Amino acid sequence: MAKYFMEMNGPLLGEVEISGSKNAVLPIMAAAILTDEKCEILEVPELRDVDVMCQLLRSVGAEVKCDYEIGSLEIIIKEILAEEAPLELVKKMRASNLLMGPLLAKTGRFKIALPGGCAIGARPIDLHLKGLHALGANIKISENYIEAQAERLVGAKIYLDFPSVGATENIMMAASLAEGVTILENAAEEPEIVDLANFLNKMGAKVKGAGTDTIKIEGVKSLHGAKHGVIPDRIETGTFMVAAAITRGDVLLKNVVSDHVKPIIAKLIECGVEVIDSDEGLRVRATNNELIAADIKTLPYPGFPTDMQSQFMALLATVNGPSVIIETVFENRYMHIEELNRMGAQIKIEGRSAVVSGGQKLHGAQVIATDLRAGAALVLAGLMAEGTTEIAEIYHIERGYADFVGKLTKLGANIRRVKA
Ligand code: EPZ
């Protein structure tokens, strides 16, 4: 298995172009199932997760042409040949569950392997199933599979106990072809939900209110093909902002939507980092700044994103002063603490909180990426660690960061990807 080898190499300096959003492109790819006309998606990031979603779509009968050179995907699904997402693919990626809503709406059934829990908690899909059941699906859960059937889908009023991103997306996609109106309350408000709604409306759907906690979907008879460029990845944006801060660098991020990263901008400014938002892009400068600690509490959007918690923890380990991080979205998203402590951080878990001592000088170590964002945090720590940092299980990281090594190297980082 390949590894990253890193040495500290001073402040990151220069420009970086942010890629299209992983968490926007995956549901939009799944939504292509809702029509038998061609869909063209642009600004597609070259990621493992996108490859897996392409395989999943092919496994249900889609013709998928992917050209990462120009970042475009063409998906044509003339006929759904199978309503089943194969186990080996579902195990690779939780987002496979985003096929449930579209398959149910288009074919009246789906069969999907129970999603593997992953390093960040059990991650059930009860809210997805409750919503699809409310629309008329009969759902059967066996040992390893979930199967659903529906003669027809009928609009309903649905309240989500938690503003689940995936459940909001699945219900929105299924309700687009249901008879009548669906009102989804306590819906997730993430920018990726808005991007999916924009794509669905380009296909002829009638989705209103995406981006707020109440979404109204008026079902239509059928949807047609559409062309859509996905939004920039706000978590990749946040990760490079923290990379500039942790190395006390000066980096201009291009192709960003600063509105989508407001909590990250606010927190970095609270830590003493300069963030300048201009037409050129988002400039993050910490070249001669004495950085100070700030507390973090993760919340559903528009709160501080859980997907930035581990990266920010790496930064807080190096700034002066103690800080407290509270992870409220996932019940077990502290796997990176042990690895960061091996690099000299001083972080301890107290209940749902992590207490970071701060002011530590990090040193290189052999560490393991336990999940996508934990791995990103280890790379950020490696940028500031004395000696060599060796990161294993980097396939987690390459699921969600396009050309991560190339982009960091261009900014001056000393990082090498070595095949075992
Ligand atoms: C999406 O996952 C993202 N993935 C995650 O990003 C992100 O961390 C998460 O939203 C929260 O923002 C994609 O968009 C592909 P949820 P999702 O349903 O939809 C509980 C990354 O790093 N829950 O909002 O799976 C669940 O256990 C990934 O890019 C239920 O209890 O997240 C969790 O505690 C990691 N029942 C919380 O809600 C359900 O039916 C949030 O989950 C569904 C979720």
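How far does a polar side-chain atom of D126 lie from a nitrogen atom of the ligand? The gap comes out at 2.6 Å, which fits the cut-off for a polar contact (a pair of N or O atoms within 3.5 Å; within protein, one must be able to donate a hydrogen and the other to accept it, and residues adjacent in sequence count only if both atoms are side-chain atoms). A quick word on the ground rules: this is a predicted model, where local features need pLDDT of at least 70, side-chain atom pairs count only at pLDDT 80 or more, and totals for chains, interfaces and linings use all residues. Residues are numbered from 1 along each chain as its sequence is written, and side-chain values use heavy atoms, with hydrogens and water left out.

Back to the ligand. A polar backbone atom of L127 sits 2.7 Å from an oxygen atom of the ligand, and a polar backbone atom of V329 is likewise 2.7 Å from a ligand oxygen atom. On its own, the ligand has 820 Å² of accessible area, and the protein covers 87% of that (areas come from the Shrake-Rupley method with a 1.4 Å probe; for residues, only the protein chains shown count as cover). Two or more residues of the shell come from each of α1 (22-31), α5 (126-134), α6 (165-175) and α12 (372-382), with α5 giving the most, three residues. Helices here are DSSP runs of H or I with at least four residues, strands are runs of E with at least two, and both are numbered from the N terminus.

In total, 21 residues surround the ligand, and R94, D126, L127, D307 and V329 come nearest (near means that a heavy atom of the residue lies within 4 Å). The shell splits into nine nonpolar, five polar and seven charged residues (Ala, Val, Leu, Ile, Met, Phe, Trp, Tyr, Cys and Pro count as nonpolar, Asp, Glu, Lys and Arg as charged, and the others, Gly among them, as polar).

Then there are the domains, whose bounds come from an automatic or database assignment. Domain 1 (2-18 + 232-419) and domain 2 (22-219) both give residues to the shell, so the ligand lies between them. Their C-alpha centres are 30 Å apart, yet 24 residues of domain 1 are in contact with 20 residues of domain 2 (contact means heavy atoms within 4.5 Å).
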